[in-house]
Amino acid sequence: GGFGVWEIRMPPGTVPHRSRVKCRIGFRDGHWEDRIPAWIKWSVQDPGSIPFCGMHWDPPEGSEEKFPGWECPRPSAPDTPIVYEAHVGMSSSQHKVNSYVEFT
C-alpha cells in the first residue's frame, strides 16, 4: 500500500480465539505506540486500568458462543429513515462550509 497503509497475513489459527491484540507501531522519530487494530470486532478493558485491548473474535466452527453484547434480537427496520448524525459544515452542495442557519 501507500504511506501508512500496510497489512499482515497469517495462517488461520495463528491468533487464538479471545486473544488480546494490539499493534506496536514504530515512528520515524524513534518512539513506539500500541494501537488497537482498526478492524477489530471487540475491545476489552481490564478493571482498574485505562487502556483497552483488542480481542480477537474467531470462535471454532460449530461453536454456539455468542458475540458479547449481541444477546438481544435485532430490532425491526423503521418505516422511514432515521438520521442519527448530521455534519452541518459539509451539508452544502456548494464548495463552502455551511453554518447551522444555512443547514436548517
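**Arg18**

I began with Arg18 in this predicted model, and I found it partly exposed, with a relative accessible area of 40%. That value lies between the cut-offs, since buried means under 20% and exposed means over 50%. I then looked at the backbone, where Arg18 has a positive phi of about 70° although it is not a glycine. As for its place in the chain, Arg18 belongs to the segment before β1.

**His56**

Next I looked up His56, which sits in the loop between β5 and α1, the latter covering residues 100–103. His56 is partly exposed as well, and I noted a relative accessible area of 25% for it. Which residues does His56 touch, if I leave out those up to four places away in sequence? I listed Val15, Pro16, His17, Arg18, Ser19, Val21 and Ile40, so my starting residue, Arg18, is one of its contacts. For Val15 I also checked the backbone: its C-alpha atom is 7.4 Å from that of His56, although 41 residues separate the two along the chain.

**The elements in order**

I then stepped back to the whole protein chain and counted one helix and five strands. Reading from the N terminus, I wrote the order down as β-β-β-β-β-α. The radius of gyration is 21 Å, well over the 13 Å that the globule rule gives for 104 residues, so the chain is more spread out than a compact globule. For the extent of the chain I noted that its C-alpha atoms fill a box of roughly 50 × 50 × 35 Å along the principal axes.

**The open sheet**

How are the strands ordered in the open sheet of three strands? I read the order as β1-β5-β4, and the pairing is antiparallel. β1 (20–21) and β4 (43–45) stand at the edges with a single partner strand each, which means that one side of each has no neighbour in the sheet. I reminded myself that strands of a sheet pair through backbone hydrogen bonds, either parallel or antiparallel. Between β1 and β5 (residues 52–55) I found two bridges in the antiparallel sense, and within this pair Val21 stands opposite Gly54 of β5. Val21 had already appeared in my notes as one of the residues touched by His56.

**The hairpin**

I turned to β2 (residues 23–26) and β3 (residues 32–35), which pair in the antiparallel sense over four bridges. Looking across from one strand to the other, I saw Arg24 opposite Asp34 in β3, and I noted Trp32 in β3 as the bridge partner of Gly26. Five residues lie between the two strands of this hairpin, and there Gly30 takes a positive phi near 95°.

**Surface, contacts and charge**

Last, I looked up totals for the protein chain, in which 11% of the 104 residues count as buried. The exposed area is about 9,700 Å², and carbon and sulfur atoms supply 58% of it. Taking the contacts between residues at least 6 apart in sequence, I found that 35% join residues at least 24 apart. For the charges I counted 11 positive and 13 negative side chains, and I noted that the centres of the two sets lie 4 Å apart.

Notes:
Residues numbered from 1 in each chain as written. Predicted model: local features only at pLDDT ≥ 70, side-chain atom pairs only at ≥ 80, totals over all residues. Heavy atoms only, no water. Rg over C-alpha atoms; globule rule 2.2 N^0.38 Å. Buried < 20%, exposed > 50% of the residue type's maximum accessible area, 1.4 Å probe, protein only. Contact = heavy atoms within 4.5 Å. Areas by Shrake-Rupley, 256 points an atom, 1.4 Å probe, with all protein chains shown as cover. Lys, Arg positive; Asp, Glu negative; His and termini not counted. Charge placed at Lys NZ, Arg CZ, Asp CG, Glu CD. Pairing = 2+ DSSP bridges.
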